[in-house]
Every structure is written in structure tokens, then in C-alpha cells.
Amino acid sequence: MNRSSSIPPVESAPATSAQSLIRRLNVLASPILVAAGLAASSATAFADETCSSPYLARIEGQEEFLYVWTLGVEGLGDGSDKLVVVDVKPGSPKYGKVLHHRSVGGRHEAHHGGFTDDRRQLWLCGLDGSRIFIFDVHTDPGQPRLARTIDDFETATGGAVGPHGVYALPGRVLIPCLSNARDRGGRTALVEYSNAGRYIATHWMPLPGQSGLDGSDHADGYGYDARVLPRKNVMLSSSFTGWRNYTQDFARVAGDPEALKQFGNSMVVWDFHTRQPRQVLRVPGAPLEIRWAWGDRHPYAFTATALTSKLWLCHEDGAGRWQASEVATIGGEGGVLPVDISLSADDRTLFVSCFGDGKCRVFDVSDPHHPRLIHDQNIGRQVNMVSQSWDGQRVYFSSSLLARWDKTGEDNEQFVRAYSWDGSRLQPQFGLDLTAEGLGRPHHMLFGATRMGR
Amino acid sequence: MPMKLLLLFTWIAAVALPWMAEANSGLPYDYPLPEPGTYALPVIQDAADGEVIATDGRRLPLRSLTRDRVTVLSFIYTRCTSARACPRATGVLARLHEWSAGDRDLASGVRLVSLSFDPQVDTPDRMAGYAALARSHPKAAPWHFLTTASREQLAPILRDYGQAVDRKEDPRDPEGTLHHALRVFLVDREGRVRNIYNSSNLDARLVMADIRSLLLEERAPNP
């Protein structure tokens with residue numbers, strides 16, 4: 001795996017006199033450089049999930065814990081949303097078992113979360129009620145402690161609601177939202193908080209016709225994911241739907257032509273440092289998760305459109321502009337509702353989990369413009385999130401999409417399942433039935449460990 | 001070679017070598033720089049206070065070095081050998097220092113601060129040796145090399161800045177290397193943190209654009 005590709009490069013510039021000074025000192029110190037160089041080069045192998053923020057401290061070696069943000073189910077256990085900790089350390093007597101769970105009290109449409117850049121805190125969001133639960137995962141990573149909650153998100157942010165992801169930035173987090181307080185529709189914002197929990201800023205998504213914005217006719221104001229390519233100072237955001245839709249029964253949404261019009265059809269290219277939108281790309285059908293390639297010379301990202309079952313590539317062209325291209329169809333006729341994707345650390349393999357038919361489809365994306373399906377495998381009757389380890393050998397799946405969008409009856413399986421990946425096939429390692437455990441509907445999964453890299 | 005000099009060269013080499021290796025990697029940041037003053041740098045937090053020690057042994061409040069000028073504050077420890085961490089930060093501050101030498105606004109409006117989070121090893125004397133980096137440009141913005149009296153004095157400063165530092169558990173080397181997140185703070189003249197950089201966005205040119213943005217602000221901005 002190309003670990004070094006994740007290291008952001010530094011600018012190349014003529015040596016300053018300070019550098020010259022250091023060079024002179026280095027020459028004087030040459031007899032001891034070998035030892036210093038050896039110390040510096042004894043790098044530890046890093047692991048982690050492949051789709052995390054590049055600003056995030058990384059796990060050294062094998063992940064030990066799987067943190068699962070789980071929706072409460074009325075009448076099951078305490079009925080509340082909770083953080084569930086699963087032991088995933090090979091050889092552990094509790095491998096594949098629940099080590100710990102901590103209820104947050106009530107049901108808030110538990111959905112996504114993320115770590116702060118130092119990986120000391122895990123922020124978990126509720127899409128309904130806009131509460132954020134902040135866990136200390138540093139003091140005892142096996143038993144995270146609920147440290148505090150943010151209860152005034154809607155008022156503090158000036159009306160953003162439905163906090164979705166939590167994306168680590170230096171000393172702060174970026175929280176893409178799904179909706180707004182005024183009409184509970186799809187117009188929404190990106191919000192920033194400091195790691196200490198202090199509100200910093202709200203950046204509303206661009207609207208159609210915004211002056212000076214390339215492609216502004218495609219803007220719709222919707223949001224979902226937002227991720228950064230530091231080397232290019234580019235942030236991409238995607239678009240889903242608002243509170244009125246994601247809190248309704250899926251069948252009702254799917255059967256309502258007006259509701260179906262209320263989905264995002266755009267991605268926005270931002271100047272990340274200034275947080276200013278630069279360009280809007282037309283990507284119809286609710287583009288969801290964004291996965292930037294890691295390679296130093298790979299200026300592109302993948303996304304999948306939930307409603308149209310397509311893979312899209314956002315890439316920089318030779319003129320420095322960004323383009324969005326449909327590059328593959330996922331599944332057959334009728335659509336399979338692709339809901340999450342995971343790109344391998346070497347940018348060659350893309351795992352796509354499809355809620356509609358419960359399958360994981362694996363694409364060879366070594367030619368990103370021409371993905372090639374190399375494997376598909378049933379994971380369950382429904383499957384949602386997929387998280388892959390940095391070394392590409394382990395892949396985890398969870399089952400729940402949204403409280404009112406999950407399947408019903410026997411199809412409503414609620415699980416966490418772990419597989420190994422040998423390059424051609426997923427081999428089951430363990431499965432956890434979270435209904436049988438009385439814990440709820442598992443959604444976002446994040447890796448934890450007792451050892452962190454710099 | 002006197003032992004003290006050998007030790008000095010040891011840690012300078014340990015600091016410099018990885019940084020130089022990365023600086024020469026030929027992998028550029030690839031984006032146009034923002035125009036200073038055309039974008040917002042909202043307040044993230046107040047710059048924390050605490051007692052620190054200068055290279056001459058003088059004790060002073062940290063807040064006296066985070067007010068009235070735009071400050072770039074870097075937490076470091078001189079034994080750090082990770083090319084992505086302290087050596088990188090010190091290299092960026094050295095570049096800012098050099099640029100400020102030829103610019104009156106920068107020289108009079110900016111300060112640089114390198115504060116150790118390893119007080120047991122980074123004594124004022126040791127930091128004074130490290131300050132050789134700053135002596136090549138007498139007309140540049142001031143660059144302060146600071147430490148603290150003890151871990152106890154340091155702890156609230158680290159806590160309030162959110163600077164993560166852990167001692168790596170190694171029974172063979174109980175005073176061994178420190179596990180830390182690289183953080184560099186940009187502080188405005190009112191003592192408020194306006195940007196935070198880590199190893200992924202610590203681009204000296206970008207820091208300079210931010211510095212110039214703050215210098216363009218009025219004395220009492222309301223961002």
C-alpha cells in the first residue's frame with residue numbers, strides 16, 4: 001500500500017538562509033547523521049479506515065475497536081440511540097463481541113459521526129433534533145465516556161439542522177448538514193465547531209444563480225458529505241435531501257412525485273481555505289459519500305448517486321477546472337440504492353454497498369474513468385455502511401439506513417458483519433445480530449485503538 | 001569535540017535532517033494562494049495564558065507574547081525526529097522569519113514563538129542553543145524560544161490550546177519520545193486564535209497569506 005501518498009507534500013522553494021544554516025550545521029554534524037537518520041526512518045506501520053479525513057491522527061497497526069453509532073428501536077433494550085463498542089482485535093477472547101455500549105438517552109436519528117483531528121473525541125450526530133454527542137475516546141478507548149452534548153445547534157448555527165458527518169480539520173470539525181430550520185427542506189449549510197465545542201462559522205450551500213459562481217445554474221443548496229484534498233486546497237460537497245423527506249416513511253417518499261423532486265442533483269467545488277464555492281457540478285440522483293483518491297498525482301474523487309445507481313468521478317481537467325463524469329452503472333435495471341463506498345488506500349479498489357439488494361459490489365478503479373466490476377457478494381437483506389482497513393484486508397458492514405427507510409419484516413436484519421478481503425472474495429469473520437443483542441440499528445462505524453500515530 | 005557541542009549537533013541534526021528530506025521531496029502544494037484580506041478567519045478560541053520561561057531564564061506570562069502583534073505559535077520538543085512534526089513546524093517558522101527580514105510591516109507586526117512541551121529536557125539553555133535558528137536575521141520579526149518550569153506548569157497551557165501530548169509507553173526508555181499532534185496556531189493582535197495548522201495544511205505561503213490578512217484588519221476587528 002502506498003502509505004506515503006497520504007503525506008501532504010510541502011512546497012518546493014529555493015533554500016532560505018535558515019535552511020542554509022541548518023545545512024551547514026548538518027555538515028558539521030555529519031558523523032552523527034546516520035544515527036539520527038535511522039531514528040527518523042524507523043517508521044511505524046499505520047493503519048486505519050481508508051475513508052477518513054487526511055487531517056486525522058492515524059491508528060498505528062491493527063484497529064482494536066469498532067465504534068458503531070446505533071439507532072434506538074422502541075421496545076428493544078432501553079430504546080435509545082447508543083454508541084456500541086465491538087472488539088475487533090484478532091486473537092482477543094472477545095473478538096467479534098460487544099465490549100461496551102453507552103446510551104445517549106432518547107432517539108435522535110443516530111447517523112454519522114467522526115473524530116477530532118487528535119482522535120481524542122468522537123462526535124456523534126443525531127439527524128432529528130440536531131443534537132451532537134461528544135465522547136472521550138482517549139482516556140479509555142474501550143469504554144468511551146460521554147463527555148458533553150451540543151443541544152443548541154440549530155440556534156447557534158443560525159438555522160442549520162440535521163448535522164450529518166463530522167470531518168476532522170486542524171483543531172476543529174466540519175459538520176455538513178442536511179436541512180434548515182425555516183422550511184425543513186434541503187437547503188442547508190456546512191458548519192464549523194472548535195474541538196472544544198465552540199461554534200465557529202456557518203457556510204450556506206450556494207443557491208441557483210449565485211453571481212460569480214461557475215455552474216451556478218446547477219446549484220440547489222443541498223448538502224450531505226464534504227471532504228478536502230489539501231494538496232489542491234479543494235473541498236467537494238455532495239447533496240441528499242431535507243428533514244421533511246428523511247424523517248418520512250421511504251415508501252411514502254418514493255411514491256410522492258413532489259417529494260422525489262426534493263433531492264440534490266449537484267456537487268460543489270470549494271476553495272477550501274477561504275470556504276468560498278468556486279464551481280457547481282451537475283450530478284443528478286443524490287450523490288452521497290465522497291472518496292478522494294490518496295495518490296499524490298490522483299486529483300479525483302468518486303461518489304455514487306443513490307437514486308440513479310451510478311458511479312461518478314469528479315476530476316481536475318488539464319485546464320485546472322473540475323469535471324464530473326458518470327463512469328459506471330451499479331447493479332442492473334431499477335437501481336440498487338448504493339449508499340456507501342470505500343476506496344482502497346492504493347486507489348485501485350472501490351467497495352460499493354447497495355441497500356436495495358443487500359450486495360457489496362467491488363470495482364477495479366485503477367483506471368478511474370473506466371471502473372470494472374470484479375466481484376459482487378450478498379452481505380444481507382439490507383446493507384448500508386462499508387468501512388475498509390488501510391491494508392485492504394478487512395471490510396466491515398452495517399445494516400441500517402434511516403429509522404423509517406429500513407426494510408420491514410424479515411428483511412429488517414440489523415447487523416455488523418466483518419469480512420476479510422483477499423483481492424477476489426470477501427470471507428466472513430464474524431457477525432453480530434444487534435436486534436438479538438437488544439442494541440438497535442447499527443449505522444456509522446469508525447475504528448479505534450489504544451495506539452495512535454502522529 | 002566537547003560533549004555539549006556534540007549534543008547540540010545531535011539534536012539539530014535530528015531536527016533538521018527529516019525536515020530537509022521532506023522539503024526536498026519535490027511534491028508541491030498545488031493551488032493558487034488566496035488574496036490576503038479577501039476571506040474570513042473567524043475566531044476559534046482565545047489564546048491561553050500560563051507562565052513560561054525565556055532563553056535568558058526570565059519568567060513571563062505567555063499572554064505577553066500573544067498580544068499586540070500577529071503571533072505564530074508552534075508547540076515543539078527539540079528531540080522530535082518525525083519529519084512531519086516539530087522539524088516541519090520549525091522549518092516553516094524559519095521561512096516566515098526569513099521573509100519578515102525584508103518586509104518592514106512583517107518585522108514590526110509579527111512575532112514567532114516556539115514553545116517546548118518537554119520541559120524536563122528542553123531547558124532554557126537548550127532552547128537558547130536552538131534559538132541559533134533565529135539569529136541569522138537580526139532585522140526580522142522576533143522569534144521567541146520558550147519552555148516552562150515543569151510539566152505541571154505546562155499542563156494547563158496544553159489543555160487550553162488543545163495540544164495533545166502523550167508519553168509513549170516504553171519501559172526501556174521512560175523519558176522517551178512523545179506522541180503528539182502537530183499544531184501551529186495563528187493568533188491575532190487581540191489574543192484570539194484565528195487559524196490552526198497541522199501537518200496537512202502547514203504551507204508557509206498559506207500561513208503568510210493569513211498573517212497578511214490579519215495585518216490588514218483594523219485594531220479591533222469583529223470577525
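Q: What makes a residue part of the lining of the largest cavity, and which residues lie nearest its centre?
A: A lining residue has an atom within 4 Å of a cavity point. The largest cavity has 30 such residues. Nearest its centre lie Cys51(A), Ser52(A), Gly113(A), Arg227(A) and His444(A). This is a predicted model, where local features need pLDDT of at least 70, side-chain atom pairs count only at pLDDT 80 or more, and totals for chains, interfaces and linings use all residues. Residues are numbered from 1 along each chain as its sequence is written, chains are lettered from A and ligands numbered from 1 in the order written, and side-chain values use heavy atoms, without hydrogens or water.

Q: What makes a space a cavity, and how many are found?
A: On a 1 Å grid over the protein atoms alone, a cavity is a set of points where a 1.4 Å probe fits but cannot get out. The search of the whole structure finds seven of 30 Å³ or more. The largest holds about 340 Å³. That volume is the space filled by probe spheres set on the points, which are joined across faces, edges and corners.

Q: Which strand supplies the largest share of that lining?
A: E6(A) does, with four residues. A strand here is a DSSP run (E, at least two residues), numbered from the N terminus. E6 spans 110–115 of chain A and is one of the strands that each supply at least two lining residues.

Q: How do the lining residues divide into nonpolar, polar and charged?
A: They divide into 12 nonpolar, 12 polar and six charged. Asp, Glu, Lys and Arg count as charged; Ala, Val, Leu, Ile, Met, Phe, Trp, Tyr, Cys and Pro as nonpolar; the others, Gly among them, as polar.

Q: Why is Cys177(A) called buried?
A: Buried means under 20% relative accessible area, with a 1.4 Å probe and protein chains only (exposed is over 50%, partly exposed in between). Cys177(A) has 0%, so it counts as buried. This residue sits in strand E12 (residues 172–180) of chain A.

Q: What makes a residue a contact of Cys177(A)?
A: Contact means heavy atoms within 4.5 Å. Beyond its neighbours within four places in sequence, Cys177(A) touches several residues, including Phe153(A), Ala160(A) and Tyr224(A). Ala160(A) is 17 residues away along the chain, yet the two C-alpha atoms are separated by 6.7 Å.

Q: How do you know that E4 and E9 of chain B pair?
A: Two strands pair if DSSP finds at least two bridges between them. E4 (residues 70–76) and E9 (residues 184–187) of chain B have four bridges, in the antiparallel sense. Thr71(B) stands opposite Val187(B) in E9(B).

How values were computed: On a 1 Å grid over the protein atoms alone, a cavity is a set of points where a 1.4 Å probe fits but cannot get out, and a pocket is an open set with protein on both sides within 12 Å along at least five of seven lines; lining residues have an atom within 4 Å of a point.
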